[in-house]
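Let's take a walk through this protein, starting with what sits around one of its ligands and working outwards from there. Keep the structure open beside you as you read.

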Amino acid sequence: MSKAVVLGAAGGIGQPLALLLKSNPLVKELALFDIVNTPGVAADLSHISTPAKVSGYLPPDDGLKKALTGADIVVIPAGVPRKPGINAGIVRDLATGIATAAPKASILVISNPVNSTVPIVVEVLKKHGVFDPKKVFGVTTLDVVRAQTFAAEVLGDLSLASKLTVPVVGGHSGVTIVPLFSQSSTPLPSGFTKSDLEALTTRVQFGGDEVVKAKDGAGSATLSMAYAGAEFAEKVLRALNGEKGIVAPSFVHLSADKEGGEAVKKEIGQDLEYFSVRVQLGPGGVEKLHGLGSITEYERSLVQAAVPDLASNIDKGVSFIASPKL
Ligand SMILES: NC(=O)C1=CN([C@@H]2O[C@H](COP(=O)(O)OP(=O)(O)OC[C@H]3O[C@@H](n4cnc5c(N)ncnc54)[C@H](O)[C@@H]3O)[C@@H](O)[C@H]2O)C=CC1
Ligand SMILES: O=C([O-])CC(=O)C(=O)O
């Protein structure tokens, strides 16, 4: 039983994510922090008949510190959709709070751009001398959820969506998102052509745009992200609780597992510090990083196309802490 904290808990993602965490029996305490509305969200959730004790905090009176103290897992969906510069500062400040109040917590970063906000969190933790690469996760689960759902759609059976697995590697934006459909636990339909596969891959890479367009100016994915964030958080919590063999893709610092990380760098042919790979989770966070495994020529070309964007996104995050602009 763990204490979970949501930073940005009153937002479009934060509220349904907090609802899902309140429904999770592994959560014994749920602390909600935002710059607005958390007392109301917390009071509302606290009437739900599940064990988690809910509390809400705002910035005055050391609210961030109070929310974070004793946290086992901190999920960050704070920020503004598609405003990288604003989010960089928000994430930096929240990471500073975590570094001082909950330095041992597992940190799950949802705020975009994940390829840059994860390096921002890491640089802040390094500055405070509390960086543990096994505990910082960029949440890329929505890409996995989309890959599974869209694959089930093309297979003509949505009931497969929650059963099949498709690893997604790289990062979390556009071409840095690399779904490995050749490793899908249920193969794509026979007769699926190269151009079908290209269209499916593009749909996963730009799934965020599909939602932004459909919402017509009213934000980006929130409900599917809350589902994905709660799913990844549950995996981290189950592993913290001692359950073995839990594996999920996440955007991590490759030093989290030296041997595994070096093997990934060899596979991608670049000395990147971060990459999303399948992560084996344990009580201390990352236990092992899995390599890309056997991938097709097409998938290799996607990985190669992802590398320059990723390198530049990572660099932006790192240099934001050295000199604040993004
Ligand atoms: N990793 C992923 O796959 C995805 C990431 N996102 C990202 O998640 C973030 C949040 O998206 P939404 O919930 O739709 O936005 P939203 O605007 O609905 O909610 C954001 C919340 O953050 C709060 N906030 C702002 N500054 C804060 C601070 N300093 N401390 C604490 N809370 C603060 C706001 O008050 C608001 O309640 C965005 O950066 C978005 O791009 C969105 C979808 C998928
Ligand atoms: O595209 C966006 O702005 C939000 C996001 O990360 C996603 O939906 O995958």
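A quick word on terms: here a residue counts as near a molecule if its C-beta atom, placed from the backbone, lies within 6 Å of it. Keep in mind, too, that you're looking at a predicted model.

With that cut-off, ligand 2 is surrounded by Pro 81, Arg 82, Asn 112, Leu 142, Gly 207, Gly 208, Val 211, Val 212, Ser 220 and Ala 221. Which helix gives the most to this shell? That's α8, spanning residues 207-215, with four residues. Sort the shell around ligand 2 by class and you get five nonpolar residues, four polar and one charged. And where does ligand 2 lie with respect to the domains? Domain 1 (2-138) and domain 2 (141-319) both contribute residues to its shell, so ligand 2 lies between them.

Ligand 1 has 32 residues around it, and the closest are Gly 8, Gly 11, Gly 12, Gly 79 and Asn 112. You've met Asn 112 already, in the shell of ligand 2. For ligand 1, the largest share of the shell comes from helix α4 (residues 84-101), which supplies four residues. By class, the surroundings of ligand 1 split into 18 nonpolar, twelve polar and two charged residues. Domain 1 and domain 2 each put at least three residues into that shell.

Now for the domains themselves. The protein chain is divided into domain 1, residues 2-138, and domain 2, residues 141-319. Taken over C-alpha atoms, their centres are 22 Å apart. The contact takes 35 residues from domain 1 and 37 from domain 2. On the domain 1 side, β1 (2-7), α1 (14-22), β4 (73-76), β5 (106-109), α5 (114-127) and β6 (136-138) each supply at least two residues. The largest share there, nine residues, belongs to α5. That side of domain 1 divides into 22 nonpolar, eight polar and five charged residues.

Helix α5 also has α4 as a partner: the two axes come within 9 Å and cross at roughly 35 degrees, and the crossing is right-handed. From α4, the residues that meet α5 are Pro 84, Asn 87, Ala 88, Val 91, Arg 92, Ala 95, Thr 96 and Ala 99. Facing them in α5 are Ser 116, Thr 117, Ile 120, Val 121, Val 124 and Leu 125. This contact has nine nonpolar residues, four polar and one charged.

Another helix pair is α6 (residues 141-154) with α9 (residues 223-240), packed at an angle of about 110 degrees with their axes 8 Å apart. That makes α6 roughly perpendicular to α9. Thr 141, Leu 142 and Val 145 in α6 meet Ser 224, Met 225, Tyr 227, Ala 228, Gly 229, Glu 231 and Phe 232 in α9. Leu 142 is also in the shell of ligand 2.

Finally, a couple of backbone details. Most peptide bonds are trans, and most residues other than glycine have a negative phi. Asn 112 and Pro 113, though, are joined by a cis peptide bond, with omega about -10 degrees. Pro 113 sits in the loop between β5 and α5. As for phi, Asn 37 has a positive value, near 65 degrees. You'll find Asn 37 in the loop between β2 (27-33) and α2 (38-46).

Technical notes: Residues are numbered from 1 along each chain as its sequence is written. Chains are lettered from A and ligands numbered from 1 in the order in which they are written. This is a predicted model: local features need pLDDT of at least 70, side-chain atom pairs count only at pLDDT 80 or more; totals for chains, interfaces and linings use all residues. Ala, Val, Leu, Ile, Met, Phe, Trp, Tyr, Cys and Pro count as nonpolar, Asp, Glu, Lys and Arg as charged, and the others, Gly among them, as polar. Domain bounds come from an automatic or database domain assignment. Axes are lines fitted to C-alpha atoms, for helices over the stretch in contact, and angles run from 0 to 180 degrees between N-to-C directions. Angles under 35 degrees count as roughly parallel, over 145 as roughly antiparallel, 65 to 115 as roughly perpendicular and the rest as oblique. Two residues are in contact if their C-beta atoms, placed from the backbone, lie within 7 Å. A crossing is left-handed if the near helix is turned anticlockwise from the far one by less than a right angle, and right-handed if clockwise.
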